[in-house]
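Reader: I've got a model open on my screen and a pile of labels to go with it. Could you walk me through where some of them come from?

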Amino acid sequence: MAIDASSTAGGISRLLGESTLTVATNSYPNFLLAGANREVTAILVGGQAEPRTDSFIGPIACQAASSVLYRRFFLSAAAIDSTVGSSEVTLEEAQVKQAFARASDETILVAASSKLGQRAMAVGFALADVDLLVTELDPTDPALDAYRDAVELL
């Protein structure tokens, strides 16, 4: 599986238990979280350090992210709009996430509901390209109505 550089998606690492998995990420903190489990093989996707997102970006990160095949890619977003989809604070961050997604069977967007109805600078994913949107809200919450027809909710 792959996990982006967000703390939200990184929280998935805490839920792995004693799973025998390979986890790739472009985040050093998320790499450490995943690697703390002795059953997990953690892979750090390198590249240019991006201090605003505490991640690795650029052509090296994109190439490394797309060099492994993943069953699932867990990502967050700086913002999620019902028309535009997800968006990021930098174009380079969006590009690395897109590279992970191209190599993944499933793309799962995990985000706090505070990100809904917002837009950031760089386009990430159309909602049609996301397999599942996970928030802390009950899937029947009216705040998710604008997303209901575009993506599966959990």
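Reader: How do you know that the length of helix 4 agrees with its number of residues?

Author: This is a predicted model, by the way. Helix 4 covers residues 91-102, which is 12 residues. The expected span is 1.5 Å times one less than that number, so it should come to 16 Å. The end C-alpha atoms are 16 Å apart, which agrees.

Reader: Which residues of helix 4 are called buried, and what makes them so?

Author: Glu 93, Ala 94, Val 96, Lys 97, Ala 99, Phe 100 and Ala 101 are the buried ones. The label means under 20% relative accessible area.

Reader: What cluster does Phe 100 belong to?

Author: An aromatic one, with Tyr 70 and Phe 73. Rings pair if their centres lie within 6.5 Å, and a search of the whole structure turns up three such pairs.

Reader: Why is Leu 44 called partly exposed?

Author: Its relative accessibility is 30%. Buried would need under 20% and exposed over 50%, so Leu 44 counts as partly exposed. This residue sits in strand 3, residues 40-44, and joins Tyr 28 and Leu 32 in a nonpolar surface patch with about 270 Å² of accessible area together.

Reader: What makes strands 7 and 10 edge strands?

Author: The open sheet runs in the order 7-8-10, with antiparallel pairing. Strand 7 (79-81) and strand 10 (122-123) each pair on one side only, so they are the edges.

Reader: How do you know that strand 8 and strand 10 pair?

Author: Pairing takes at least two bridges. Strand 8 (residues 85-88) and strand 10 have two, in the antiparallel sense, so they qualify. Glu 88 stands opposite Ala 122 in strand 10.

Note on methods:
Residues are numbered from 1 along each chain as its sequence is written. This is a predicted model: local features need pLDDT of at least 70, side-chain atom pairs count only at pLDDT 80 or more; totals for chains, interfaces and linings use all residues. Side-chain values use heavy atoms; hydrogens and water are left out. Patches are made of residues with over 30% relative accessible area and no salt bridge: like charges are joined within 9 Å, nonpolar side chains (Val, Leu, Ile, Met, Phe, Trp, Tyr) within 5 Å. Accessible areas come from the Shrake-Rupley method with a 1.4 Å probe; for residues, only the protein chains shown count as cover. A salt bridge is a side-chain nitrogen of Lys or Arg within 4 Å of a carboxyl oxygen of Asp or Glu. Helices (H or I, at least four residues) and strands (E, at least two) are DSSP runs, numbered from the N terminus. Buried means under 20% relative accessible area, exposed over 50%, partly exposed in between (1.4 Å probe, protein chains only). Rings of Phe, Tyr and Trp (its six-membered ring) pair if their centres lie within 6.5 Å; planes under 30 degrees apart count as stacked, over 60 as edge-to-face and the rest as tilted.
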